[in-house]
Amino acid sequence: MDAYTKTLRFNHNPLNLILGTEKKKGLRIGYMEAGLQGFYLNSMETGIHPLKLSKLLAEEFHCTDNESVTGLFQFLINEGDRVSYQIMLPYLLSTENINEFENIIQKRFFGVERFIRQGKNLYKFVKYTEERRDPIIWINDLEKGIIGWDMGLLVNLARASQACGHITKEKAWDYIEQADKLCSLDLHTAEEIDKSFLLGKAMKSEKIEDWDRLLLCYSLLGKYRK
């Protein structure tokens with residue numbers, strides 16, 4: 001079992017107590033992704049060695065310098081996975097059959113394999129949570145979209161990029177506060193943020209073990225949503 005599944009990491013540096021409200025709100029958006037990566041949840045510092053962060057950025061996101069990370073951040077701010085999610089959402093809500101859902105997507109978006117794959121993953125994940133009934137994903141949660149996923153990823157990539165020297169700490173805080181402002185347009189509670197992250201992250205995998213890992217992190221954060 002991964003270390004993060006046993007506990008969530010908080011930075012006990014007393015200097016964190018002086019962080020302003022806006023910075024704390026921005027960091028909170030990234031709690032799900034930070035928990036999954038084993039980062040500290042509540043500080044700019046990740047608690048992860050810069051070499052490991054550099055490897056994460058390079059291998060998973062193809063980011064190795066200021067130009068590449070800045071390009072990725074602008075993509076997340078302007079589009080992310082939100083565009084494809086909003087296109088597939090009406091079809092997700094209109095059918096109870098995975099084969100029918102897949103056929104509809106293929107007919108309307110022929111040849112867009114990544115889009116189709118993410119749609120199937122999302123459909124199956126929602127059905128999986130319905131069987132578990134923990135957490136309950138309401139239609140309202142689906143309609144709020146996945147800005148929490150895009151912005152949660154942005155928050156933690158900004159933290160990692162700052163630790164690797166790709167951007168300054170000041171610029172990283174700018175991105176984190178921008179993520180908070182964008183999230184606040186649609187999401188108003190920590191639960192809404194974490195559910196939004198769940199839906200976006202679940203689109204990336206078809207493996208139940210990945211979903212269970214994700215759902216466990218969501219569960220562990222439960223007491224911090226009160």
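This passage describes helix packing, salt bridges and residue exposure in a predicted model.

Local features were considered at pLDDT of at least 70 and side-chain atom pairs only at pLDDT 80 or more, while totals for chains, interfaces and linings use all residues. Residues are numbered from 1 along each chain as its sequence is written, and side-chain values rest on heavy atoms, with hydrogens and water left out.

Two packed helices are described by the angle between their axes and the distance between the axes. Helices are DSSP runs of H or I with at least four residues, numbered from the N terminus. Axes are lines fitted to C-alpha atoms over the stretch in contact, and angles run from 0 to 180 degrees between N-to-C directions. Helix H4 (residues 66-78) packs with helix H10 (residues 169-184) at an angle of about 10°, the axes lying 11 Å apart. H4 and H10 are therefore roughly parallel to each other, a term applied to angles under 35 degrees. The crossing of H4 past H10 is left-handed, that is, the near helix is turned anticlockwise from the far one by less than a right angle. In this contact (heavy atoms within 4.5 Å), Thr-70, Phe-73, Gln-74 and Ile-77 of H4 meet Tyr-175, Gln-178 and Leu-182 of H10. The residues of the contact comprise four nonpolar, three polar and no charged; Ala, Val, Leu, Ile, Met, Phe, Trp, Tyr, Cys and Pro count as nonpolar, Asp, Glu, Lys and Arg as charged, and the others, Gly among them, as polar.

A second packing involves helix H9 (residues 147-163) and H11, whose axes come within 6 Å and cross at roughly 90°. H9 is thus roughly perpendicular to H11, the term covering angles of 65 to 115 degrees. On the H9 side the contact is made by Ile-147, Gly-148, Trp-149 and Gly-152, which meet Ile-193, Ser-196, Phe-197, Gly-200 and Lys-201 in H11. Four nonpolar, four polar and one charged residue make up the contact of H9 with H11.

Across the whole structure, 14 salt bridges were found, each defined as a side-chain nitrogen of Lys or Arg within 4 Å of a carboxyl oxygen of Asp or Glu. Accessibility is classed as buried under 20% relative accessible area, exposed over 50% and partly exposed in between (1.4 Å probe, protein chains only). One of the salt bridges joins Glu-130 and Lys-127, at 3.7 Å from N to O. These two residues are three residues apart in helix H7 (residues 113-132) and are separated by about one helical turn. Glu-130 is partly exposed at 44%, whereas Lys-127 is buried at 19%.

Other salt bridges link separate helices. Arg-132 pairs with Asp-212, their closest N and O atoms being 3.3 Å apart. Arg-132 lies in helix H7 and Asp-212 in helix H12 (residues 208-220), with their positions 80 residues apart in the chain. Arg-132 is partly exposed at 36% relative accessibility, as is Asp-212 at 31%. Lys-144 likewise forms a salt bridge with Glu-192, at 3.7 Å between the closest N and O atoms. Lys-144 belongs to helix H8 (residues 139-144) and Glu-192 to helix H11 (residues 190-202), so the pair ties together parts 48 residues apart in sequence. Lys-144 is partly exposed at 22%, while Glu-192 is buried at 17%. In addition, a network of salt bridges links Arg-28, Asp-194 and Arg-225.

Definitions and conventions
Angles under 35 degrees count as roughly parallel, over 145 as roughly antiparallel, 65 to 115 as roughly perpendicular and the rest as oblique.
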